[in-house]
Amino acid sequence: MATIDNSRGFTSNVGAILAAAGGAVGLGNIWRFPYMLGQNGGGAFLLVYVFFVLTIGVPLMMTEFIIGRRSQKNVVGAYKSLSPNHKGWIVLGVFGIVCAFLIYAFYSVVAGWTLNYIVLSCSSQLAGKEPEAITLLFQSFTESSFWPLFYQLLFLTLTGVVITMGVQKGIEKVSKILMPVLFFLLILMCVRSLTLGEGTKEGLNFLFKPDFSKLDGSSILAALGQSFFSLSIGMGAMVTYGSYIRKEDKLFNTSLWIAGCDSLVAILAGIVIFPAVFAFGMDPASGPELVYIVLPNVFNSMPAGGLFAVVFFVLLGIAALTSTISLLEILVAFAVEELHWKRSTASILCTAIVFLIGALCTLSFGPLKDATLFGKTIFDLFDLITASYLMPIGALFMTIFLGWCYPKVEVRDELSNGGVIKARAFELYYFVLRYLAPIALLFIIVSGIIN
Ligand code: PHE
């Protein structure tokens, strides 16, 4: 084996797992998952979601890690170096960059909201308000122009600072501090929600008791989109992080840990939210506003709710930050390695471009409310297009690349760390990679488009 250069990447397996789990765990788990589940019938959605995570999610994460670690490159560089004779695959890398811009643009809007809600809850401005007043507060905030843009830019800047500090001193160090804090706060919130007395049974039933009559084609597509979005797969985030994983780390175990953490956080978020929602007679299917409108009401009705509101929004902010870090790193790694920009310059310029596109998403709640396509605002379109279409399409082409256009021996070599470890499940993985995943993806993408 060639000499191993670990200086460009993560310093330990724990560091890699926490950083990548940080990228995966985010608003997708705590903001998007509960409202998706609420709108798609509860328990049955959860079951389909977990099924997709295990059968397609984990193998696809391994696929991205293999592409990244084999090439030791960013998304674009990876395909360039693994497929020197077929330059066309670079398009898949560029596709990942475009996806990262689009996701970061709308994601940073909601990430910015969390900062506003941290300020509101810390200064007791949510406390004691009537439900109508809380709804009005959310609406007048999101519909205005200045503050949402301000908080969005603040969040982007915070992310840019971490990325400028580098992979080890920025991404890895911050994840090692924030991820344990996140778990601690989440468990604290679970205890609070489960000890409210009323609502617990109803909430847990809603979350865990599957009612398959509520499941249709579009909710299955939504569950797939959710699993892709939540695991950050199909667009190159895990290719980039994969290039930082040490050559001696086991990619299968690493992927399992990350997917496990990610699903656990989503389920815990459900345990925090639904018992409380039912305890105070709120609507679990209220949509994207669930955590910003429904929860502040819930906090107002519970003992020590003011404190738990602060805890919750800090938790949400932390989860969002470790994810925006992974989004910006995709772009910055590309700019540094392919365009030879300085890391700091790349952080600033990429952040500026994202802010330009992201501002449109922010304003689509207010001044640009009527700029719609198929009845969807710019924000909704970015969300839907990336999670339900672009990420599954990106994933499909990744499986075609690694399963059909890249030598099997090389795939086996990377997964077995150059033959050092026994990759016992290799044949099973390779079967999923070549047949199961592409066929399932194709089927779901086509049925989604027809729908
Ligand atoms: N997985 C992140 C979340 O759940 C979102 C994300 C998607 C981050 C794609 C990076 C890349 O919030």
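Helices in this description are DSSP runs of at least four residues, numbered from the N terminus. The structure is a predicted model, and the features below concern its surface, two loop residues and the packing of two helix pairs.

A nonpolar patch of about 530 Å² lies on the surface and is formed by Trp404, Phe431, Tyr435, Leu436 and Ile439. Helix H18, which spans residues 426-450, supplies the largest share of this patch, with four residues. Among the contributors to the patch is Leu436, whose place is in helix H18. The relative accessibility of leucine 436 is 44%. Because this value falls between the limit for buried residues, under 20%, and that for exposed residues, over 50%, leucine 436 counts as partly exposed.

Two loop residues were examined for their backbone conformation. In general, most residues other than glycine have a negative phi. Glutamine 72, although not a glycine, has a positive phi of about 60 degrees. This glutamine is found in the loop that connects helix H3 (43-71) with helix H4 (75-82). With a relative accessibility of 22%, glutamine 72 counts as partly exposed, since the buried class is restricted to values under 20%.

Phenylalanine 374 likewise is not a glycine and has a positive phi, in this case of about 50 degrees. The residue lies in the loop between strand E1 (372-373) and strand E2 (376-377). Its relative accessible area is 76%, and phenylalanine 374 is therefore classed as exposed, the threshold for that class being over 50%.

The packing of helices was described for two pairs. In one pair, helix H2 (residues 27-39) packs against helix H12 (residues 251-279) at an angle of about 65 degrees, and the two axes are 9 Å apart. This angle makes H2 roughly perpendicular to H12, because the roughly perpendicular class covers 65 to 115 degrees. The crossing in which H2 passes H12 is right-handed.

In the other pair, helix H5 (residues 90-122) and helix H15 (residues 343-363) pack with their axes 8 Å apart, at an angle of about 60 degrees. H5 and H15 are therefore oblique to each other, as roughly parallel requires an angle under 35 degrees and roughly perpendicular one of 65 to 115 degrees. For this pair, the passage of H5 across H15 is a right-handed crossing.

Definitions and conventions: Residues are numbered from 1 along each chain as its sequence is written. This is a predicted model: local features need pLDDT of at least 70, side-chain atom pairs count only at pLDDT 80 or more; totals for chains, interfaces and linings use all residues. Side-chain values use heavy atoms; hydrogens and water are left out. Patches are made of residues with over 30% relative accessible area and no salt bridge: like charges are joined within 9 Å, nonpolar side chains (Val, Leu, Ile, Met, Phe, Trp, Tyr) within 5 Å. Accessible areas come from the Shrake-Rupley method with a 1.4 Å probe; for residues, only the protein chains shown count as cover. A salt bridge is a side-chain nitrogen of Lys or Arg within 4 Å of a carboxyl oxygen of Asp or Glu. Buried means under 20% relative accessible area, exposed over 50%, partly exposed in between (1.4 Å probe, protein chains only). Axes are lines fitted to C-alpha atoms, for helices over the stretch in contact, and angles run from 0 to 180 degrees between N-to-C directions. Angles under 35 degrees count as roughly parallel, over 145 as roughly antiparallel, 65 to 115 as roughly perpendicular and the rest as oblique. A crossing is left-handed if the near helix is turned anticlockwise from the far one by less than a right angle, and right-handed if clockwise.
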